[in-house]
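Colleague: I am new to this structure and would like a close look at a single part of it. Could you take the salt bridges, go through them one by one, and say where the partners sit and how exposed they are?

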2 protein chains.
Amino acid sequence: MNPLETRMKFRNQELTGTTSGLCEQYIQTNLVTLPKAYAFDFLLFCMRNPKPCPVVEVMEAGVTKPSTADADIRTDLPRYRIYRNGFFSEEVLDLNEVWQDDFVTFLIGCSFTFEQALLDGGIPLLHQDQNKVVPMFDTNIPLKEAGIFKGNMVVSMRAVPNHLVDQALKISHQFESSHGEPVHIGSPEQIGIDDIQQPDYGEAVTFDRDEMTPVFWACGVTPQNAALQAQPSIMITHAPGHMLITDEKDPNYS
Amino acid sequence: MNPLETRMKFRNQELTGTTSGLCEQYIQTNLVTLPKAYAFDFLLFCMRNPKPCPVVEVMEAGVTKPSTADADIRTDLPRYRIYRNGFFSEEVLDLNEVWQDDFVTFLIGCSFTFEQALLDGGIPLLHQDQNKVVPMFDTNIPLKEAGIFKGNMVVSMRAVPNHLVDQALKISHQFESSHGEPVHIGSPEQIGIDDIQQPDYGEAVTFDRDEMTPVFWACGVTPQNAALQAQPSIMITHAPGHMLITDEKDPNYS
């Protein structure tokens with residue numbers, strides 16, 4: 001299925017799972033939707049933290065169609081999360097009930113965009129093999145504040161065979177607007193992760209700690225962590241692992 | 001004089017002229033100050049038009065000290081312009097009378113930053129030789145809209161000896177966050193400039209049209225043009241040619 005066909009399955013709620021491994025080579029993005037009153041603070045937060053929050057597109061107040069996809073942002077992701085006053089409120093399959101005309105939407109680069117390149121480079125993706133949502137973790141890596149937004153970085157983890165870690169670095173490095181190279185390699189405890197089998201988002205993946213190295217990439221779930229502290233009246237995001245699939249191929253694939 | 005000493009002369013209003021040629025090698029910036037209500041639209045305008053509006057720093061609401069200079073933004077530029085409802089209202093030597101706690105300030109890269117590099121590369125600067133404020137022109141080069149902000153690009157013009165045009169390109173290309181390489185070379189009429197001796201900002205500079213080529217760089221006065229259309233209730237800028245001198249050397253000089 002191409003991106004449009006896949007998004008139609010999400011729109012009709014025939015598919016509601018993770019987008020990892022779907023429409024490989026196409027750019028996938030995280031989503032953050034906020035009332036315009038918070039938009040300046042959030043855009044500045046992204047500019048000051050480009051590693052976890054690389055801005056792919058900003059959709060102005062009330063705009064529902066992105067320029068990077070022939071999509072309706074309110075229905076064409078598989079799952080959304082709604083936060084109210086800083087607390088997770090509910091997970092929904094579309095935004096029809098909650099949409100407001102003053103909503104500004106930020107599309108933020110996603111590491112799923114380079115997963116096909118990792119596979120092409122001979123690097124297995126255990127979360128795909130094990131049918132799991134990629135595991136994600138809160139860390140102790142501090143972010144730069146902007147207005148009401150602050151907090152620590154969230155990372156996604158992929159276990160990479162020891163001899164292929166350099167290769168994974170090189171490949172992801174080229175995908176600058178999709179988080180680029182890893183922020184940490186090898187020692188989860190050094191970035192505040194106590195138990196690699198207890199992710200804060202997504203699902204645990206089993207791997208052999210002697211043969212494989214845990215590699216951590218900055219993650220677009222980071223704003224969801226920042227929202228807990230900022231407490232905007234309402235903030236909508238993709239559900240972790242459930243992205244917008246755009247109609248644009250990443251230039252690294254062309 | 002170093003940047004701090006120079007800014008003190010501006011603060012005490014002992015100096016009130018152009019900053020071209022002062023504190024060479026230090027980064028100079030354009031200034032745009034707006035009420036926070038307009039800040040999201042303007043930041044997005046800058047992101048969508050990075051050539052004329054490369055953001056060096058954003059100072060959040062009420063902040064008066066930039067991180068790039070031990071300065072007070074209200075007093076340490078030689079001259080400011082105030083626009084009200086889209087019309088030029090007055091030119092002032094400080095902002096003490098008009099400052100509001102909700103003012104957000106944007107510092108935007110400036111071509112003065114690479115003027116010393118041009119001189120070092122053997123390229124004469126006629127506006128400095130002739131004691132003029134660099135000539136600047138409105139053009140027909142359209143910008144990408146963001147919220148209320150739209151309009152055409154403003155450019156600065158330097159006449160370069162014909163055989164040194166390539167050299168000027170190469171040098172300025174390295175100064176990416178200070179407008180970088182030129183946006184046009186040679187034919188002012190092609191970008192909507194009717195009379196090279198009638199600049200819209202700054203002062204006319206005389207040069208030999210046979211020996212020298214007019215070279216046009218994107219200019220941080222562009223937001224002043226956009227303000228005419230956007231009509232924010234109040235918007236403050238540096239006076240054309242009268243910049244903030246920061247305490248940071250451009251890395252190309254180190």
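Modeller: Please keep in mind that this is a predicted model. A good place to begin is chain A, where the side chains of Glu91(A) and Arg79(A) meet in a salt bridge, with 3.2 Å from N to O. This pair links distant parts of the chain, since Glu91(A) belongs to strand 4 of chain A, residues 87–92, while Arg79(A) lies in the loop between strand 2 (55–59) and strand 3 (80–84) of chain A, and the two are twelve residues apart. Glu91(A) is partly exposed, at a relative accessible area of 33%, and Arg79(A) is likewise partly exposed, at 25%.

A second pair in chain A is formed by Arg158(A) and Glu115(A), whose side chains meet in a salt bridge at 3.0 Å, again taken from N to O. Here too distant parts of the chain are linked, with Arg158(A) in strand 7 of chain A (residues 152–161) and Glu115(A) in helix 3 of chain A (residues 115–120), 43 residues apart. As buried means under 20% relative accessible area, Arg158(A) counts as buried because its relative accessibility is 3%, and Glu115(A) is buried as well, with a relative accessible area of 1%.

Turning to chain B, the side chains of Lys9(B) and Glu14(B) meet in a salt bridge of 3.2 Å, N to O. Lys9(B) is partly exposed, with a relative accessible area of 30%, whereas Glu14(B), at 52% relative accessibility, counts as exposed. To return to chain A for a moment, salt bridges that share partners join Arg79(A), Arg81(A) and Glu91(A) into one network. Over all chains, the count of salt bridges comes to 20.

The surroundings of the pair in chain B can be filled in from helix 1 of chain B, which spans residues 3–11 and whose buried residues are Pro3(B), Thr6(B), Arg7(B) and Phe10(B). Seen down the helix axis, these buried residues fall within an arc of 100 degrees, so they line one face of helix 1 of chain B. The buried residues of this helix pack against strand 1 (26–35) and strand 11 (244–249) of chain B. At the start of helix 1 of chain B, a side-chain oxygen of Asn2(B) reaches to within 3.0 Å of the backbone nitrogen of Leu4(B), and the helix is followed by Gln13(B), whose phi is positive, near 60 degrees.

Terms used
Residues are numbered from 1 along each chain as its sequence is written. Chains are lettered from A and ligands numbered from 1 in the order in which they are written. This is a predicted model: local features need pLDDT of at least 70, side-chain atom pairs count only at pLDDT 80 or more; totals for chains, interfaces and linings use all residues. Side-chain values use heavy atoms; hydrogens and water are left out. Buried means under 20% relative accessible area, exposed over 50%, partly exposed in between (1.4 Å probe, protein chains only). Helices (H or I, at least four residues) and strands (E, at least two) are DSSP runs, numbered from the N terminus. The arc is that of the directions from the helix axis to the C-beta atoms. Contact means heavy atoms within 4.5 Å. A polar contact is a pair of N or O atoms within 3.5 Å; within protein, one must be able to donate a hydrogen and the other to accept it, and residues adjacent in sequence count only if both atoms are side-chain atoms. A salt bridge is a side-chain nitrogen of Lys or Arg within 4 Å of a carboxyl oxygen of Asp or Glu.
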